[in-house]
Amino acid sequence: CVVEANEGLGGAVMWTGGQVAKTLAQLACEQRQTQSLLRGETKWHVEGMSLETARDIVTRSAVERAMQLDQLVVALGQTRKFNRPSLKRAEKSGTIERFRGRAKFVGEGEVAVTPSPNDVTGSEELIVEADNFLVCTGGWFRQLPKFPIDGEFIITSQHVLKLQEWPKSCLILGARANGCEIATVLKAFGGSETETHLVNEGRDRVFDEEDEDVSAYVQEGLERSGVTVHNRTKLEYAKVDAERGTVECRLVQSVWMPPPDNDPGQKPAIRRVSKTVRVEKLVVCAGRLPN
């Protein structure tokens, strides 16, 4: 059986996580390619996609994928008969039963399922017995105590589609897959005037879990689109100014200083360069933690 608390299958990856970010990133890439093709060729100007349109596309994509998963579960749960006698299978290919609710272990080989409100399957707690259980409870966006998420000024990628409009300036903290995707999205849809900073804390290159040539290709694409990449940079503090509707961010970059020509034996020194930027949104992309 499958136990899921929400209405649609797919979990956080489908509705608020990976698929949402990747759908937006794909839309952003297509938008950027279109702008590049039309630039200088005609008088047409391709405006950034509205947030409402992007939200509608992403939602429809998630609904369609959830319906596919639901149909798959139904198909796998049906009884099938095989006419080929040489095929050594039982008459039933296995059954899958779906429960909408929350589950907890109550004993060895037993799980209690509490139905979700207004669930048509009933309101009584159900005990499910099985020899094996697979726990796939997903994860949540990792939060940094130094930069608490408020959902308005300091947000995660989950909050992007909940905004009223694309921000005119933003700073993305974290330059791995999620951070690079969100930087691409906010720059592409916000327009050419959007100020976009990507802060790569304590790392020499973006997307550093990949090979160096891949990392260089990603950074080149980001910078070509207008994203300012800050490698080896620490976000020292972030102060929310609700009256001005901005977040003041203090960046400190570590710069290697080569030894002087007259003393080549001297060890390279590290110089710290600080800079303050004000943005409308601080987007924390610090990975995910399991539930």
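A residue is buried under 20% relative accessible area, exposed over 50%, and partly exposed in between. The model described here is predicted. Met67 has a relative accessibility of 45%, so this residue counts as partly exposed. Met67 is placed in helix H3, which spans residues 51-77. On the surface, Met67 joins Trp15 and Val63 in a nonpolar patch. Together the three residues offer about 260 Å² of accessible area.

The interior was examined next. In soluble globular proteins, nonpolar side chains tend to be buried together. In this model, the largest nonpolar core holds 32 residues. Leu24, Trp166, Ile172, Leu186, Phe189 and Leu198 have the most contacts inside this core. Four elements give two or more residues to the core: helix H2 (18-38), helix H3, strand E7 (169-173) and helix H4 (177-190). Helix H4 supplies the largest share, with seven residues. A second core is separate and has 16 residues. Ile154, Val279, Leu282 and Val284 are among them.

Leu186 is one of the residues with the most contacts inside the largest core. Residues up to four places away in sequence are not counted in its list of contacts. Beyond that limit, Leu186 touches Val160, Trp166, Pro167, Cys170, Ile172, Thr194 and Val283. Trp166 and Ile172 also appear among the core residues with the most contacts.

Helix H2 also contains Glu30. Glu30 counts as partly exposed because its relative accessibility is 40%. Along the chain, Glu30 and Ala188 are 158 residues apart. In space, their C-alpha atoms are separated by 9.5 Å.

Strand E11 carries a charged residue, Glu248. Its relative accessibility is 18%, and Glu248 therefore counts as buried. The side chain of Glu248 makes two of the polar contacts described here. One joins Glu248 to the side chain of Tyr237, at 2.9 Å. Another joins Glu248 to the side chain of Arg278, also at 2.9 Å. With neighbours within four places in sequence left aside, Glu248 is in contact with Tyr237, Ala238, Lys239, Thr276, Val277 and Arg278.

Strand E11 covers residues 246-257, and strand E12 covers residues 269-279. Pro258 lies in the loop between these two strands. At 65% relative accessibility, Pro258 is over the 50% cut-off and so counts as exposed. Pro258 and Ile270 are twelve residues apart in sequence. Their C-alpha atoms are 8.9 Å apart in space.

Backbone geometry was considered at two further loop positions. Phe207 is not a glycine, yet this residue has a positive phi of about 50°. Phe207 sits in the loop between strand E8 (195-200) and helix H5 (212-225). Its relative accessibility of 18% is under the 20% cut-off, so Phe207 counts as buried. Arg232 likewise is not a glycine and has a positive phi of about 50°. The loop that holds Arg232 lies between strand E9 (228-231) and strand E10 (233-241). Arg232 counts as partly exposed because its relative accessibility is 29%.

How values were computed
Residues numbered from 1 in each chain as written. Predicted model: local features only at pLDDT ≥ 70, side-chain atom pairs only at ≥ 80, totals over all residues. Heavy atoms only, no water. Patch = residues over 30% accessible without salt bridge, like charges linked within 9 Å, V, L, I, M, F, W, Y side chains within 5 Å. Areas by Shrake-Rupley, 256 points an atom, 1.4 Å probe, with all protein chains shown as cover. Salt bridge = Lys/Arg side-chain N within 4 Å of Asp/Glu carboxyl O. Buried < 20%, exposed > 50% of the residue type's maximum accessible area, 1.4 Å probe, protein only. Core = buried A, V, L, I, M, F, W, Y, C linked by side-chain atoms within 4.5 Å. Contact = heavy atoms within 4.5 Å. Polar contact = N/O pair within 3.5 Å; in protein donor to acceptor, adjacent residues only side chain to side chain.
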